[in-house]
Amino acid sequence: MTEFVEGTRRGSFLLLVDTNGKRHAVRIGSIQGLHDSDDDQSETIVALPGNRLAIVPQLLERVLDLVEPTIPHSRNYGSR
């Protein structure tokens with residue numbers, strides 16, 4: 001699992017900076033899932049292809065804003 005210190009969006013990529021300062025550009029469409037990595041919900045695990053996991057030190061909602069800023073997170077699924 002790779003730990004990152006920063007995450008931003010650049011077009012269709014999520015640009016992540018790891019603890020060594022190396023930058024990683026992940027195509028947003030390749031992200032397989034997101035979930036909280038700790039009990040206080042201050043970090044998010046990003047599931048990537050090839051069974052790779054990345055820890056991003058941001059709230060899940062913030063990472064959702066980065067990967068899909070045009071879709072609100074609180075949806076009413078009951079009314080269709």
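The following questions and answers go through the strands, the helix and the core of this predicted model.

Student: In what order do the 6 strands of the open sheet stand?

Tutor: Strands β2 (residues 13–18) and β3 (residues 23–27) pair in the antiparallel sense over 5 bridges, and 6 bridges join strand β1 (residues 2–10) to β2, again in antiparallel fashion. The pairing of the open sheet as a whole is mixed, and its 6 strands follow the order β3-β2-β1-β6-β5-β4.

Student: Why is one side of β3 and of β4 left without a neighbour in the sheet?

Tutor: In the order β3-β2-β1-β6-β5-β4, the strands β3 and β4 (33–36) each have a single partner strand, so one side of each is left without a neighbour because they stand at the edges.

The twist from one strand to the next in this sheet averages 40°.

Student: Which residue in the hairpin of β2 and β3 takes a positive phi?

Tutor: The two strands of this hairpin pair over 5 bridges, with Leu14 standing opposite Val26 in β3. Between the strands lie 4 residues, and the one that takes a positive phi, near 90°, is Gly21.

Student: Which residue in β2 is the bridge partner of Gly7?

Tutor: Strands β1 and β2 run antiparallel and are joined by 6 bridges. Within β2, the residue that bridges to Gly7 is Leu16.

Student: At about what angle to β4 does helix α1 run?

Tutor: Helix α1, which spans residues 60–67, lies across β1, β2, β4, β5 (44–48) and β6 (52–56). With respect to β4, the helix runs at about 160°.

Student: Does Ala47 count as buried or exposed?

Tutor: Ala47 has its place in strand β5, and, leaving out residues up to four places away in sequence, Ala47 touches Ser30, Ile31, Gln32, Gly33, Arg52 and Leu53. Its C-alpha atom is separated by 9.8 Å from that of Met1, although the two residues are 46 residues apart along the chain. The relative accessibility of Ala47 is 18%, and because buried means under 20%, Ala47 counts as buried.

Student: Which element gives the largest share of the largest nonpolar core?

Tutor: This core has 13 residues, of which Leu14, Leu16, Ile31, Val46, Leu48 and Val67 touch the most other members. The elements giving two or more residues to this core are β2, β5, β6 and α1. The largest share, 3 residues, comes from α1.

Student: Which residues are in contact with Leu48, leaving aside neighbours within four places in sequence?

Tutor: Leu48 is one of the core residues that touch the most other members. Its contacts, with those neighbours left aside, are Val26, Ile31, Gln32 and Ala54.

Conventions
Residues numbered from 1 in each chain as written. Predicted model: local features only at pLDDT ≥ 70, side-chain atom pairs only at ≥ 80, totals over all residues. Heavy atoms only, no water. Pairing = 2+ DSSP bridges. Axes fitted to C-alpha atoms, helices over the stretch in contact; angles between N-to-C directions. Contact = heavy atoms within 4.5 Å. Buried < 20%, exposed > 50% of the residue type's maximum accessible area, 1.4 Å probe, protein only. Core = buried A, V, L, I, M, F, W, Y, C linked by side-chain atoms within 4.5 Å.
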